[in-house]
There are 2 protein chains.
Amino acid sequence: MSFELLTRRQKALGASYRLFYEEPFAPVRGEGVWLYDKDNTPYLDAYNNVASIGHCHPAVVRAIAEQCAQLNTHTRYLHPSIVEYAEDLLGEFPETLNNLTMTCTGSEANDLALRIARCHSGGTGILVTRWAYHGVTSALAEISPSLATGLPTASHVRLVDAPDSYRQKDFVGSVKAALEDMQQHGIKPSALLIDSIFSSDGVFSPSNGEMAAAAQCVREAGGLYIADEVQPGFGRTGGQFWGFQRDAVVPDLVTLGKPMGNGHPVAGVVGRSDLLDQFGRQQRYFNTYGGNPVSCKAAQAVLDVLREENLQANARDVGSYLAQGLRALAERYEVIADVRGEGLFIGVELVENCDARTPASRAAALVVNGMRQRRVLISTTGPAANILKIRPPLVFTRTHADLLVERLDATLASLS
Amino acid sequence: MSFELLTRRQKALGASYRLFYEEPFAPVRGEGVWLYDKDNTPYLDAYNNVASIGHCHPAVVRAIAEQCAQLNTHTRYLHPSIVEYAEDLLGEFPETLNNLTMTCTGSEANDLALRIARCHSGGTGILVTRWAYHGVTSALAEISPSLATGLPTASHVRLVDAPDSYRQKDFVGSVKAALEDMQQHGIKPSALLIDSIFSSDGVFSPSNGEMAAAAQCVREAGGLYIADEVQPGFGRTGGQFWGFQRDAVVPDLVTLGKPMGNGHPVAGVVGRSDLLDQFGRQQRYFNTYGGNPVSCKAAQAVLDVLREENLQANARDVGSYLAQGLRALAERYEVIADVRGEGLFIGVELVENCDARTPASRAAALVVNGMRQRRVLISTTGPAANILKIRPPLVFTRTHADLLVERLDATLASLS
């Protein structure tokens with residue numbers, strides 16, 4: 001670790017730029033599920049969901065390099081790449097979700113989805129979960145309580161309980177109550193915006209119709225159901241390509257990001273053409289880099305690889321195998337209270353007292369740093385940061401899962 | 001032109017996706033100032049300010065291809081590329097502007113600058129020019145009247161006259177009046193956000209201290225002066241590296257975008273470290289792709305090429321030569337009322353009647369489409385879209401300028 005580089009970094013970038021781990025990690029090279037430091041020591045990556053098909057996948061590298069050398073303009077010119085990608089991507093959605101607008105980041109996608117919802121509903125009210133994270137723009141920061149900005153939640157926002165299977169929260173009841181409260185305050189709802197894997201709230205994957213029921217409530221009140229698939233999308237949850245499909249509900253709008261270009265900045269909004277057209281007729285929307293040929297070729301390569309390497313099925317199989325291994329650890333370590341999630345998006349909740357369910361935040365931090373010392377990269381999530389967040393590239397194998405469980409075992413043993 | 005591709009595009013992308021020109025242009029390859037269609041016919045690009053160092057510059061292509069194959073993670077890990085780039089870039093700014101935060105798009109940069117300004121001032125009031133464009137997020141759409149959203153301008157926004165040298169508008173007086181109006185309505189100002197070349201307002205490049213005077217007014221009222229350098233920045237205006245330097249004023253925050261990665265999605269906010277630190281301590285800001293090693297290497301390659309190929313000086317020399325040629329045309333064509341701008345950002349105002357100064361919007365559209373038929377790409381700007389916007393890659397030479405003037409001559413002759 002270069003102290004000199006840290007000092008220079010602090011000076012040039014300032015306080016916003018925080019680093020992971022007590023001992024920051026400095027990778028210089030990536031390949032598949034591995035990140036390598038300057039001494040060529042491999043670290044098992046069980047955290048990065050952006051490099052979803054594996055770090056530096058040659059198909060993506062080639063697509064970007066070739067298209068960069070050929071043409072990289074914008075969507076005011078006609079180019080087949082965006083049309084071909086849009087058609088291919090939309091084939092992965094229910095038939096009524098038949099339009100794509102491309103952006104560069106998941107934040108831009110969620111922000112645009114809010115604009116479309118306001119345009120359609122004529123309302124401003126937004127419902128999000130209590131510890132939601134949806135992005136970094138002004139409009140998204142005020143509906144992302146997990147940023148802990150200390151800002152008062154804006155008057156048009158209502159927070160609802162996530163469908164917490166461990167603490168048995170009533171998600172649908174909470175949505176109903178929030179809608180009633182909006183009505184009492186004369187706020188017209190525009191959208192319920194939900195991360196289909198509830199990542200920042202603590203990783204939940206309801207499949208009992210709760211998301212469908214919540215969607216129905218908000219629609220009856222005149223708002224849209226927006227599925228934030230920035231994290232769960234593109235096969236990660238294994239059982240389905242998009243998180244919302246777990247619950248047999250069709251959203252009005254779906255937002256995409258992180259793994260869409262395996263690290264290249266590409267994101268988008270998929271939705272019903274009547275909604276996107278209504279917005280497009282009333283307002284100009286043009287995203288300078290969004291949907292340029294390089295982005296489209298990168299995104300197309302990702303989609304191709306996901307299919308060719310059968311990564312959704314791998315996420316299901318390896319995810320289920322990994323969860324088993326983690327549950328076996330839970331038998332031996334009292335601190336592990338719950339293992340949940342779906343596919344290769346797993347949450348491991350640590351508590352200090354099983355009856356009181358007191359979050360073991362300090363233990364979680366020790367585990368994450370202990371795993372980093374043992375060269376496995378994971379993180380935490382949830383309002384108390386007591387839930388281990390395990391979210392590796394989708395090319396993770398059973399051998400990698402065994403390694404992770406073995407290192408977690410050693411880490412937990414060292415804390416006992 | 002493929003009618004089939006147009007139909008498929010309309011179906012998959014919908015109404016938001018508009019194309020330039022009556023006969024849309026479909027480039028397949030780019031090199032330097034040239035874009036080529038499928039028949040390998042060259043088009044002179046005098047429009048694209050993103051591919052600022054020339055389409056598909058090999059130095060950028062190489063930087064992206066190499067880093068993509070090596071590592072593409074995020075700024076929660078330590079990597080020298082962002083530190084080295086930040087130090088190099090900050091060297092191009094006045095000493096007090098000593099921190100960089102990286103984003104993916106100019107929209108994200110402007111949106112973040114507003115958040116920083118609100119955090120610092122405790123106010124919400126924003127001043128922008130009457131036909132401003134600052135980006136596509138929710139917060140930026142409501143301060144971008146040129147998007148013509150039909151939405152009521154938000155109550156915290158005040159519009160001011162651009163320093164229109166042709167119609168002799170009083171920019172500073174307008175800023176003063178708007179600040180007084182805010183005070184009367186109990187709105188605390190947070191920022192004056194100004195594009196230093198006033199691109200969407202019609203291309204103005206004041207150098208008489210107006211921007212400095214306006215900045216002083218907003219600072220006295222407790223707000224910040226944010227220079228939007230997304231369009232004028234990185235040497236385009238020739239006389240200086242950043243547009244604001246023309247007026248010997250140092251902004252509080254500067255936003256960057258478009259040409260920063262020559263097409264790769266990279267952007268950022270440069271500002272005083274006390275402002276960025278205050279924000280960073282109070283609020284979490286993390287941009288998933290922002291400042292990743294690939295973005296930094298692409299941006300570094302652009303900065304290197306700008307210097308090695310002496311492109312700022314070229315913008316000044318060729319820009320001045322081109323403006324001369326355009327002024328010579330103005331002697332012969334009454335419709336050209338004013339040739340203005342700086343470096344390779346030129347506005348040519350067309351009017352129907354020199355005394356009444358009636359905008360010749362229809363003539364401007366005919367010229368733009370006529371130039372496209374003559375294989376030169378330009379566009380229009382301004383509230384009446386009667387101002388030709390000429391903004392080529394900075395590798396434009398005098399030979400290219402001659403060709404542009406010759407084709408514009410032919411186009412104007414054909415309209416007479």
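Axes here are lines fitted to C-alpha atoms, for helices over the stretch in contact, and the angle between two of them runs from 0 to 180 degrees between N-to-C directions. With that in mind, and remembering that this is a predicted model, begin the tour at the place where two helices meet.

Select residues 58-70 in chain A and in chain B, which form helix 2 of each chain. These two helices pack at an angle of about 180°, and their axes are 9 Å apart. Angles over 145 degrees count as roughly antiparallel, and helix 2 of chain A and helix 2 of chain B are therefore roughly antiparallel to each other. Now show the side chains of A:Val61, A:Ile64, A:Ala65, A:Cys68 and A:Ala69, together with B:Val61, B:Ile64, B:Ala65, B:Cys68 and B:Ala69, since these residues make the contact. Ten of the contact residues are nonpolar, with no polar and no charged ones.

Next, widen the selection to the whole meeting of the chains, where 80 residues of chain A are in contact with 79 residues of chain B. On the chain A side, the elements that each supply at least two residues include helix 1 (3-13), helix 3 (80-90) and helix 4 (106-121), while helix 8 of chain A gives the largest share, seven residues. Coloured by character, this side of chain A divides into 42 nonpolar, 26 polar and twelve charged residues.

Finally, turn to the symmetry of the pair. A rotation of 180° with 0.0 Å of shift along its axis superposes chain A on chain B, with an RMSD of 0.0 Å, and that is the relation of a two-fold axis. To find the axis from chain A, select A:Ala65, whose C-alpha is the nearest in that chain, 2.5 Å away. The same surface serves both copies, as 99% of the contact residues of chain A recur in chain B.

Conventions: Residues are numbered from 1 along each chain as its sequence is written. Chains are lettered from A and ligands numbered from 1 in the order in which they are written. This is a predicted model: local features need pLDDT of at least 70, side-chain atom pairs count only at pLDDT 80 or more; totals for chains, interfaces and linings use all residues. Helices (H or I, at least four residues) and strands (E, at least two) are DSSP runs, numbered from the N terminus. Angles under 35 degrees count as roughly parallel, over 145 as roughly antiparallel, 65 to 115 as roughly perpendicular and the rest as oblique. Two residues are in contact if their C-beta atoms, placed from the backbone, lie within 7 Å. Ala, Val, Leu, Ile, Met, Phe, Trp, Tyr, Cys and Pro count as nonpolar, Asp, Glu, Lys and Arg as charged, and the others, Gly among them, as polar. Copies are superposed by least squares on the C-alpha atoms of residues with pLDDT of at least 70 in both.
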